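Student: I should like to examine this structure by asking, for each term applied to it, what justifies the term. May we begin?

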Amino acid sequence: MQRRNFVKLGAAAAALQCLPSIGFSQQGEVFRIGSLTPITGAGSPYGPGMQQAIRLAVDEVNAAGGAGGRKLELFTEDDQTKPDAAVLAAKKLIEVNKVQAVLGTWASGVTLAVMPLTEAAGIVQMNVSGAPAISTLDTRDLVWRFQATNDRFGAAFAEICAKRGFKRPATMAFNNASGLGNVEGFTRVWEKRGGKVAAHVTYEPSRPSYRSELQKILAAKPDVIVMGSYLPDTTIILREWFQSGADNKWVIPGWAANPDLVKALGPEVCEGIISVETVSNEKSTSYAQFDAAFTKATGKAASTNIYAAMAYDMVISLALAMEAAGPKATVEQVNARLREVSNAPGTAVYSFAEGKAQLGKKAKVNYEGASSKLDFDKFGDATPDFGVFVIEKGQLVRRDVVSITM
Amino acid sequence: MTWIDFANLLINGLIEGLVVALPALAMTLVMGVNRFPNAATGDLLTTGAYAAVAVQMLGGVPLWLAALASVATTAAVSAGSYQLIFRKLAGRPMVASMLAAIGLGFLLRSLISFFAGHDQRTFDMPLVRAWNFGGIRILPTDLLIAAIAAACLLVVFVLIYRTSFGRQLRAVADSADLARASGIRAGGLMLCLWLLVGALSSISGVLLGMKAIVTPEMGWESLIPAFAAMVLGGIGSPLGAVLGALLLCVVQELSVPLLGPSYKLVLSFLVLALVLLLRPAGILGRVQLVR
């Protein structure tokens with residue numbers, strides 16, 4: 001008899017676990033958050049960590065008593081780094097789970113595919129994608145970007161080239177929005193500083209050889225070549241460049257100039273390449289706290305996945321906006337407060353609990369995130385700092401951190 | 001632009017052309033004899049490249065040995081696919097075999113990406129600096145690639161035009177019925193042809209991998225240039241396929257100073273369209289082969 005009761009109780013408890021919405025709805029109102037990160041596909045090295053970071057932030061907010069009188073409730077889906085799969089998952093999150101925010105899309109193609117759905121539903125969308133088009137297509141100001149745009153990467157390249165004293169830069173770009181965005185951003189800022197770009201080549205993907213493209217760019221005798229490229233084409237270009245015996249330097253985005261590139265080409269070819277990637281807000285206490293929690297939860301340091309800190313900041317800034325908007329605020333009212341709680345002016349706060357306490361005192365807060373200072377511009381785009389890594393003896397060594405102002 | 005720059009572009013074009021010529025030749029052989037465009041040629045090429053990568057990963061094997069192992073593997077896959085699929089579709093319309101070939105290509109590509117993932121691979125081989133002859137730069141690796149491709153082409157031409165295997169093959173290509181009536185047994189002959197096609201594809205995969213990188217899509221992406229080269233040279237003509245590949249790639253490279261690298265591919269197709277308008281059978285094709 002006792003055992004039977006135990007089994008019944010266990011089954012009931014398990015059923016409740018499976019249906020968390022029922023469990024919570026009895027305790028009062030909740031704010032539903034959908035995590036849509038790439039657990040599989042090309043983004044899979046980052047997606048699971050991002051999902052974990054979102055979960056950590058949700059737990060942190062709930063432990064502090066919720067935001068604006070509401071607890072957060074999390075639903076997770078895998079966007080598979082594929083726009084079609086992401087659209088299905090987003091529809092499920094919006095229509096079945098009735099989420100009020102979709103957080104964590106990674107690939108630009110995925111974000112662009114999901115945006116029309118979240119905009120139509122009038123809910124918040126937060127991403128880490130690079131495509132400049134995301135800024136302008138966001139007509140209702142519901143889309144928030146926590147990673148630098150490709151255009152800003154280009155601006156950072158210009159800052160780095162000026163700082164390192166290069167005089168005759170040339171640019172090469174993969175023929176798509178990301179590649180061209182990088183070099184156009186570079187050219188815009190470089191020319192504004194009064195510099196000139198010696199030559200530019202836009203190349204097509206999946207060629208067996210890029211020798212004629214290289215020949216064209218090397219004819220201008222550049223001292224540095226600035227790239228908007230991906231790993232496969234960069235591998236072929238650098239191999240042929242090394243074999244041809246030219247001696248210019250390279251500035252390459254971090255997603256192309258990474259340990260895989262060194263593995264493919266060897267340390268001799270890669271020596272001295274400058275690789276540029278955004279870095280987290282490493283000196284802030286918010287980063288220190290997040291790093292500790294993330295390391296405890298996953299066994300890996302937060303620096304192994306820069307997108308995890310961005311995903312964490314998504315929840316914290318959203319929760320602060322909820323707190324600022326007060327109880328029973330609509331999604332639209334919460335969304336309208338996001339810029340206010342993240343940007344200056346205001347008391348700098350480094351955690352949700354700190355921010356909640358300040359807001360309770362009717363003070364204005366400025367959340368300094370784990371991923372960046374988290375100041376959103378008029379498009380809802382944040383601008384993290386950029387780390388300058390130089391490949392030395394096959395290792396990426398960080399030599400500098402640059403900030404750009406837009 | 002000086003003549004030295006043009007000479008460099010010409011050399012690039014010739015080397016690329018030799019690499020494209022191998023899959024074009026493999027396609028044109030199947031087209032001439034089995035009468036369907038083998039859309040799986042590209043993925044056989046990928047299979048060859050991955051087989052070589054796999055052998056190298058097993059441990060410290062030099063590239064030439066890995067390439068030989070890959071030739072054996074890919075030839076077996078190719079002959080097996082004939083035995084299991086294309087032999088049975090022989091009497092059916094061309095579309096049936098072509099669709100089956102597309103399906104086979106998808107199958108091979110999916111198997112490769114399932115087991116090897118989508119990350120790029122490279123062969124373990126030393127990088128050597130280019131020789132510089134007064135501005136004309138020649139990469140030793142490119143020279144090796146060109147020499148291997150040329151040697152393979154030579155072997156295939158000797159096989160086709162100087163051996164009884166080649167005579168029988170050409171007889172079947174001209175008229176399968178007549179060949180059967182003269183006592184040529186098609187079964188073994190076809191298997192040999194498909195072994196040859198597999199070997200050719202595998203070598204072109206390894207050469208392409210040496211020049212560029214190894215990815216699951218590499219063969220699929222080189223299929224269109226190879227197809228264009230085959231049509232340009234005259235469908236079913238082995239020498240035509242090689243000439244077509246060389247012509248397309250040289251024109252592509254020489255167009256760079258005029259149009260820039262973004263429009264390379266477009267121009268090569270313009271050449272294709274022009275040749276077909278002026279000479280519908282292709283450069284060396286015979287009209288009766290195009291049915």
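Student: What makes the pairing of the side chains of D43(B) and R109(B) a salt bridge?

Tutor: The model is a predicted one, and the distance is computed from its atoms. In D43(B) and R109(B) the N to O distance is 3.0 Å or less, namely 2.9 Å. The rule asks for a side-chain nitrogen of Lys or Arg within 4 Å of a carboxyl oxygen of Asp or Glu, so the pair qualifies as a salt bridge.

Student: Which parts of chain B does this pair tie together?

Tutor: D43(B) belongs to helix α2 (residues 41-58) and R109(B) to helix α4 (residues 94-116), so the bridge ties together parts that are 66 residues apart in sequence.

Student: Why are D43(B) and R109(B) called buried?

Tutor: The term requires under 20% relative accessible area. D43(B) has 0% and R109(B) has 12%, so both names fall under that limit.Student: How do you know that the bridge between D377(A) and R152(A) links distant parts of chain A?

Tutor: The closest N and O atoms of D377(A) and R152(A) are 2.6 Å apart, which is within the 4 Å limit. D377(A) lies in the loop between β12 (365-367) and β13 (385-392), whereas R152(A) lies in helix α7 (residues 150-163), and the two are 225 residues apart.

Student: Are D377(A) and R152(A) buried or partly exposed?

Tutor: R152(A), at 6% relative accessibility, counts as buried. D377(A), at 23%, counts as partly exposed, because the buried class ends at 20% and the exposed class begins over 50%.

Student: What makes D141(A) and R339(A) a salt bridge, and where do the two residues lie?

Tutor: Their side chains meet at 3.1 Å, N to O, again within 4 Å. D141(A) is in the loop between α6 (133-137) and β5 (143-145), and R339(A) is in helix α16, 198 residues apart from it. D141(A) has 24% relative accessibility and counts as partly exposed; R339(A), with 23%, is partly exposed as well.

Student: Why is E323(A) described as having no salt bridge?

Tutor: The nearest side chain of opposite charge, K356(A), is 4.4 Å away. The limit is 4 Å, so E323(A), although buried, has no salt bridge. E323(A) lies in helix α14 (residues 306-325). Residues that E323(A) touches include G66(A), F352(A), K356(A) and L359(A).

Student: What makes helix α9 of chain A largely enclosed?

Tutor: Six of its eight residues (211-218) are buried, so the helix is largely enclosed by the rest of the structure. The buried residues are R211(A), S212(A), E213(A), L214(A), Q215(A) and I217(A).

Student: Which residue of chain B meets R211(A) in a salt bridge?

Tutor: The partner of R211(A) is D142(B), at 3.0 Å from N to O, a value within the 4 Å limit. Between chain B and chain A the count is five salt bridges, and over all chains the structure holds 21. E213(A) belongs to a network of salt bridges that also links R207(A), E16(B), E253(B) and K264(B).

Student: How many residues are in contact between the two chains, and how much area do they bury?

Tutor: The contact involves 30 residues of chain B and 25 residues of chain A. Together the chains bury about 2,600 Å², 49% of it on carbon and sulfur atoms. The rule also finds 18 residue pairs in polar contact across this interface.

Student: Which elements supply the side of chain B that touches chain A?

Tutor: At least two residues each come from α1 (3-34), α5 (140-162), α8 (186-211), α10 (238-254) and α12 (264-278) of chain B. The most comes from α1(B), with five residues. By class, this side of chain B has twelve nonpolar, nine polar and nine charged residues.

Student: What makes the backbone at Q80(A) worth a remark?

Tutor: Q80(A) has a phi near 55°, which is positive in a residue other than glycine. Most residues other than glycine have a negative phi, and most peptide bonds are trans. Q80(A) lies in the loop between β2 (71-78) and α4 (83-96) of chain A. With a relative accessible area of 31%, Q80(A) is partly exposed. K98(A) has a positive phi of about 55° although it is not a glycine, and K98(A) is found in the loop between α4 and β3 (101-105).

Student: Why is the peptide bond from A344(A) to P345(A) called cis?

Tutor: The omega of this bond is near 0°. P345(A) is found in the loop between α16 (338-342) and β11 (347-349) of chain A.

Key: Residues numbered from 1 in each chain as written. Chains lettered and ligands numbered in written order. Predicted model: local features only at pLDDT ≥ 70, side-chain atom pairs only at ≥ 80, totals over all residues. Heavy atoms only, no water. Contact = heavy atoms within 4.5 Å. Buried area = accessible area lost by both parts, 1.4 Å probe. Polar contact = N/O pair within 3.5 Å; in protein donor to acceptor, adjacent residues only side chain to side chain. Helix = DSSP H or I, 4+ residues; strand = E, 2+ residues; numbered from the N terminus. Nonpolar A, V, L, I, M, F, W, Y, C, P; charged D, E, K, R; others polar. Buried < 20%, exposed > 50% of the residue type's maximum accessible area, 1.4 Å probe, protein only. Lys, Arg positive; Asp, Glu negative; His and termini not counted. Lists of a residue's contacts leave out its neighbours within four places in sequence.
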